[in-house]
Amino acid sequence: QVQLMESGGGLVQAGGSLRLSCTASGSIFSINALVWYRQIPGNQREWVAAFTCGGATNYVATVKGRFAISRDSAQNTMYLQMKSWRPEGTGIYYCNAEIRTTAGGRKLSFWGPGTQVPVFL
């Protein structure tokens with residue numbers, strides 16, 4: 001069984017910074033594509049930042065230059081550093097990963113439960 005868990009959602013002011021984390025745990029042979037998505041109220045879920053299978057990074061135009069995706073393969077963790085935060089980015093942020101659980105096995109898609117950014121008190 002594989003689980004993804006996001007963390008780091010919290011309070012952030014316009015222009016501020018926040019870093020999200022996503023850790024994969026369980027029976028993992030290899031992790032391939034890694035993607036951050038978000039769902040803004042009233043909108044469909046959209047991809048925000050991604051590592052491709054080749055290791056390149058891609059960003060949706062609205063966050064390019066402000067967000068940065070990174071990974072720590074040894075910890076099965078990826079990050080989303082968000083700077084120059086804009087209120088229109090408010091929503092639930094999800095991580096998604098393609099994971100092989102065994103050598104030669106199929107790549108399976110897993111999702112985390114999501115983390116709210118920012119958190120409203």
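Why is the disulfide of cysteine 22 and cysteine 95 right-handed? The torsion about the S-S bond comes out at about 65°, so this disulfide is right-handed. Before going further, keep in mind that this is a predicted model.

**The disulfide**

There is 1 disulfide here, and the sulfur atoms of cysteine 22 and cysteine 95 sit 2.0 Å from each other. Cysteine 22 belongs to strand β2 (residues 18–26) and cysteine 95 to strand β8 (residues 91–100), so the link ties together parts that are 73 residues apart in sequence. Both ends are hidden away: cysteine 22 is buried, and cysteine 95 is too. As a general reminder, a disulfide is a covalent bond between the sulfur atoms of two cysteines.

**The core**

Now for the nonpolar packing. The largest nonpolar core has 28 residues, and the members touching the most others are Leu80 and Met82. Two or more residues each come from β1 (2–7), β2, β3 (30–39), β4 (46–51), β6 (67–72), β7 (77–82) and β8. In soluble globular proteins, nonpolar side chains tend to be buried together.

Who surrounds methionine 82? Leaving out residues up to four places away in sequence, methionine 82 touches Gly16, Ser17, Leu18, Leu20, Arg66, Phe67, Tyr93 and Val117.

Methionine 78 is another one to click on. Its place is in strand β7, and at 1% relative accessibility it counts as buried. With the same sequence neighbours set aside (up to four places away), methionine 78 is in contact with Leu20, Ser21, Cys22, Leu34, Val35, Trp36, Ile69, Ser70, Arg71, Cys95 and Asn96. That list includes Cys22 and Cys95, the two residues joined by the disulfide. For a sense of distance, methionine 78 and glycine 9 are 69 residues apart in sequence, and their C-alpha atoms are 14 Å apart in space.

**The cavity**

How many cavities of 30 Å³ or more does the structure hold? It holds 1, and the space in the largest cavity is about 30 Å³. Its lining is made up of Leu4, Cys22, Ala24, Ile31, Leu34, Asn76, Met78, Cys95, Asn96 and Ala97. Strands β2, β3 and β8 each give two or more residues to that lining, with β8 supplying the largest share, 3 residues. By chemical type, the lining residues divide into 8 nonpolar, 2 polar and no charged. Several residues from the sections above turn up again, among them Cys22, Cys95 and Met78.

**Polar residues in the strands**

Is serine 21 buried or exposed? Serine 21 has 14% relative accessibility, so it counts as buried, the cut-off being under 20%. It is placed in strand β2, and its contacts beyond four places in sequence are Met5, Glu6, Ser7, Trp36, Thr77, Met78 and Tyr79.

Asparagine 32, in strand β3, also counts as buried, at 19% relative accessibility. Under that same sequence filter (nothing up to four places away), asparagine 32 touches Cys53, Arg71, Glu98, Arg100 and Lys107. Those partners include the charged residues Arg71, Glu98, Arg100 and Lys107.

**Backbone oddities**

Two residues other than glycine have a positive phi, and they are set out here.

| Residue | Phi | Location | Relative accessible area |
|---|---|---|---|
| Asparagine 76 | near 50° | loop between β6 and β7 | 28%, partly exposed |
| Serine 84 | about 50° | loop between β7 and β8 | 39%, partly exposed |

Asparagine 76 ties back to the cavity, as one of its lining residues.

Where is the cis peptide bond that involves proline 118? It runs from valine 117 to proline 118, with omega near -15°. Proline 118 lies in the segment after β10 (115–117). Valine 117, on the other side of that bond, is one of the residues that methionine 82 touches.

**Pulling it together**

If you want a single place to start looking, try cysteine 22: it is bonded to cysteine 95, is in contact with methionine 78, and helps line the largest cavity. From there, β8 is a natural next stop, since cysteine 95 lies in that strand and β8 gives the largest share of the cavity lining.

Definitions and conventions
Residues are numbered from 1 along each chain as its sequence is written. This is a predicted model: local features need pLDDT of at least 70, side-chain atom pairs count only at pLDDT 80 or more; totals for chains, interfaces and linings use all residues. Side-chain values use heavy atoms; hydrogens and water are left out. A disulfide is a pair of cysteine sulfur atoms within 2.5 Å. Helices (H or I, at least four residues) and strands (E, at least two) are DSSP runs, numbered from the N terminus. Buried means under 20% relative accessible area, exposed over 50%, partly exposed in between (1.4 Å probe, protein chains only). A nonpolar core is a set of buried Ala, Val, Leu, Ile, Met, Phe, Trp, Tyr and Cys residues joined through side-chain atoms within 4.5 Å. Contact means heavy atoms within 4.5 Å. On a 1 Å grid over the protein atoms alone, a cavity is a set of points where a 1.4 Å probe fits but cannot get out, and a pocket is an open set with protein on both sides within 12 Å along at least five of seven lines; lining residues have an atom within 4 Å of a point. Grid points are joined across faces, edges and corners, and a volume is the space filled by probe spheres set on the points.
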